[in-house]
Amino acid sequence: MRSDPTWRLAPGQRLMHRCHDGECVLFNDLSGDTHLLAEPALALLQALRDAPQSAAALAAADPASLPELEEVLADLAALYLIDALPC
């Protein structure tokens with residue numbers, strides 16, 4: 001059985017960013033790192049700031065996008081911008 005974790009914005013992360021021409025620079029105020037993200041990745045972070053959600057819930061409007069969405073979530077987790085809620 002496949003687990004579908006619920007993702008959340010890293011606690012305390014404030015999403016300080018600037019966007020231009022589809023790309024965003026995001027400062028991780030928890031780690032001090034700066035990241036270059038596409039606007040859809042920033043929108044994903046903002047959605048998780050509003051409420052923790054599973055990848056399936058985030059892809060509800062476009063289920064075909066689920067594999068790509070899961071890949072972006074894994075990338076954001078590797079940057080310590082999001083984490084999975086404990087089960």
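A salt bridge is a side-chain nitrogen of Lys or Arg within 4 Å of a carboxyl oxygen of Asp or Glu. The structure described here is a predicted model, and a search of the whole of it finds three salt bridges.

## Salt bridges

The three pairs are set out below.

| Pair | Closest N to O | Relative accessible areas |
|---|---|---|
| Asp-83 and Arg-8 | 2.7 Å | Asp-83 26%, Arg-8 25% |
| Arg-14 and Asp-29 | 2.8 Å | Arg-14 54%, Asp-29 22% |
| Asp-50 and Arg-49 | 3.8 Å | Asp-50 62%, Arg-49 45% |

Asp-83 and Arg-8 form a salt bridge in which the closest N and O atoms are 2.7 Å apart. Asp-83 belongs to strand E6 (residues 82–84) and Arg-8 to strand E1 (residues 6–9), so this pair ties together parts that are 75 residues apart in sequence. Asp-83 counts as partly exposed, and Arg-8 is likewise partly exposed.

A salt bridge also forms between the side chains of Arg-14 and Asp-29, with an N to O distance of 2.8 Å. Here the two partners sit in loops: Arg-14 lies between E1 and strand E2 (16–20), and Asp-29 lies between strand E3 (23–27) and strand E4 (34–38), so the pair ties together parts that are 15 residues apart in sequence. Arg-14 counts as exposed, whereas Asp-29 counts as partly exposed.

In the remaining pair, the side chains of Asp-50 and Arg-49 meet at 3.8 Å, N to O. Asp-50 is exposed, while Arg-49 is partly exposed.

## The three-stranded sheet

Strands of a sheet pair through backbone hydrogen bonds, either parallel or antiparallel. In this model, an open sheet of three strands has the order E2-E3-E4 with antiparallel pairing. E2 and E4 stand at the edges and each has a single partner strand, so one side of each is left without a neighbour in the sheet. On average, neighbouring strands of this sheet are turned by 25 degrees against each other, direction ignored.

The antiparallel pairing of E2 with E3 extends over five bridges, and Glu-23 in E3 is the bridge partner of His-20. E3 and E4 also run antiparallel and are joined by five bridges. These two strands form a hairpin with six residues between them, and Gly-32 in its turn has a positive phi of about 85 degrees. Cys-24 stands opposite Leu-37 in E4.

Side chains alternate along E4: His-35 and Leu-37 point to one face and are buried, while Thr-34, Leu-36 and Ala-38 point to the other and are not. His-35 has a relative accessible area of 11%, and is therefore buried under the 20% cut-off. Not counting residues up to four places away in sequence, His-35 touches Cys-24, Val-25, Leu-26, Asn-28, Leu-79 and Leu-81. Leu-37, leaving aside its neighbours within four places in sequence, is in contact with Gly-22, Glu-23, Cys-24, Leu-26, Leu-45, Leu-76 and Leu-79.

## The disulfide

A disulfide is a covalent bond between the sulfur atoms of two cysteines. One disulfide is found in a search of the whole structure; it joins Cys-19 to Cys-24, with an S to S distance of 2.1 Å. The torsion about the S-S bond of Cys-19 and Cys-24 is about 105 degrees, so the disulfide is right-handed. Cys-19 is partly exposed, with a relative accessible area of 37%, whereas Cys-24 is buried at 1%.

## Helix packing and the nonpolar core

Helix H1 lies across E2, E3 and E4, and runs at about 105 degrees to E4.

In soluble globular proteins, nonpolar side chains tend to be buried together. The largest nonpolar core of this model has 18 residues, and those with the most contacts inside it are Leu-26, Leu-37, Leu-45, Leu-73, Leu-76 and Ile-82. At least two residues of this core come from each of E1, E3, helix H1 (39–50) and helix H3 (66–78). H1 gives the most, with five residues.

Leu-37 connects several of these themes. Leu-37 is among the core residues with the most contacts, stands opposite Cys-24, and points to the buried face of E4 together with His-35. Its contacts include Leu-26, Leu-45 and Leu-76, which are also listed among the core residues with the most contacts.

How values were computed. Residues numbered from 1 in each chain as written. Predicted model: local features only at pLDDT ≥ 70, side-chain atom pairs only at ≥ 80, totals over all residues. Heavy atoms only, no water. Helix = DSSP H or I, 4+ residues; strand = E, 2+ residues; numbered from the N terminus. Buried < 20%, exposed > 50% of the residue type's maximum accessible area, 1.4 Å probe, protein only. Core = buried A, V, L, I, M, F, W, Y, C linked by side-chain atoms within 4.5 Å. Contact = heavy atoms within 4.5 Å. Pairing = 2+ DSSP bridges. Axes fitted to C-alpha atoms, helices over the stretch in contact; angles between N-to-C directions. Disulfide = S-S within 2.5 Å.
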